[in-house]
Amino acid sequence: MPRVYTNRRAHHEYELLERFEAGIELTGSEVKSVRTGGVDFRDAFARLNGQNVDLEGLYIPVYKEATYNNHEPRRTRRLLLHREEIGKLKRGLEQKGLTLVPTRLYQKGRYFKVEIALARGKKLHDKRRAEAEKTVRRELREL
């Protein structure tokens with residue numbers, strides 16, 4: 001059963017506007033390590049770098065059984081997107097206050113995919129309102 005890793009913090013910290021599915025460039029030891037588990041999104045973010053999109057800060061633990069070919073746990077990884085999607089991201093990032101946030105890492109067929117989202121940071125009062133709405137929905141569901 002393929003694992004799905006989610007960035008739960010992104011839903012709390014950001015208002016997610018538009019989502020994109022991107023391939024991710026991984027080495028062999030990274031693929032094996034992702035399959036065994038332990039991926040951490042804590043400091044992860046995506047950055048537009050010329051005509052490429054890079055994912056930085058995603059923690060993939062070192063694969064213990066790998067030899068000298070092991071990888072750096074927090075290295076920069078390239079995301080694979082179509083040119084039109086990169087253009088959409090570029091236009092979206094030109095707006096004030098928008099950023100690229102990785103939300104999920106999952107396996108689709110034999111490839112690993114990352115879902116990134118154009119997001120706007122939430123203010124404290126937005127977080128409180130979202131929490132209140134969540135509480136109301138939970139109470140209604142219990143009745």
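A salt bridge here is a side-chain nitrogen of Lys or Arg within 4 Å of a carboxyl oxygen of Asp or Glu. Keep that cut-off loaded while you click around. What you have open is a predicted model, where local features need pLDDT of at least 70, side-chain atom pairs count only at pLDDT 80 or more, and totals for chains, interfaces and linings use all residues. Residues are numbered from 1 along each chain as its sequence is written, and side-chain values use heavy atoms, with hydrogens and water left out.

**Stop 1: R75 and E30**

Select R75 and E30. They form a salt bridge, with the closest N and O atoms 2.8 Å apart. R75 sits in the loop between β4 (52-56) and β5, while E30 belongs to helix α2, so the pair ties together parts that are 45 residues apart in sequence. (Helices, H or I with at least four residues, and strands, E with at least two, are DSSP runs numbered from the N terminus.) On accessibility, buried means under 20% relative accessible area, exposed over 50%, and partly exposed in between, using a 1.4 Å probe and protein chains only. By that scale E30 is buried at 0%, whereas R75 is partly exposed at 25%.

**Stop 2: helix α2**

Stay with E30 and extend the selection to residues 28-36, which make up α2. Its buried residues are S29, E30, S33 and V34. Look down the helix axis: these residues fall within an arc of 135 degrees (taken from the directions from the axis to the C-beta atoms), so they line one face of the helix. Swing round to the other side and you find G28 and T36 exposed.

What covers the buried face? Strands β1 (4-6), β5 (77-80), β6 (98-108) and β7 (111-121) are included in the cover, with contact meaning heavy atoms within 4.5 Å. Just after the helix comes G37, whose phi is positive, near 110 degrees.

**Stop 3: more salt bridges**

The whole structure has eleven salt bridges. Try E18 and K88, whose side chains meet at 4.0 Å, N to O. E18 is in strand β2 (residues 14-24) and K88 in helix α3 (residues 83-94), 70 residues apart. Both ends are partly exposed: E18 has a relative accessible area of 33%, and K88 has 43%.

Next, pick R47 and E56, which meet at 3.4 Å, N to O. Here R47 is partly exposed at 43%, but E56 is buried at 16%. Then highlight R9, E13 and K127, which are linked in a network of salt bridges.

**Stop 4: the pockets**

On a 1 Å grid over the protein atoms alone, a pocket is an open set of points where a 1.4 Å probe fits, with protein on both sides within 12 Å along at least five of seven lines; lining residues have an atom within 4 Å of a point.

For the largest pocket, select Y5, T6, N7, R8, R9, V39, D40, F41 and R42. β1 and α1 (8-13) are the elements that give two or more residues to this lining. The space comes to about 190 Å³, a volume being the space filled by probe spheres set on the points.

The second largest pocket has a volume of about 160 Å³. Select H11, H12, K122, K127, A130, E131, E133, K134 and R137 to see its lining. Which element gives the most to this lining? That is α4, with six residues.
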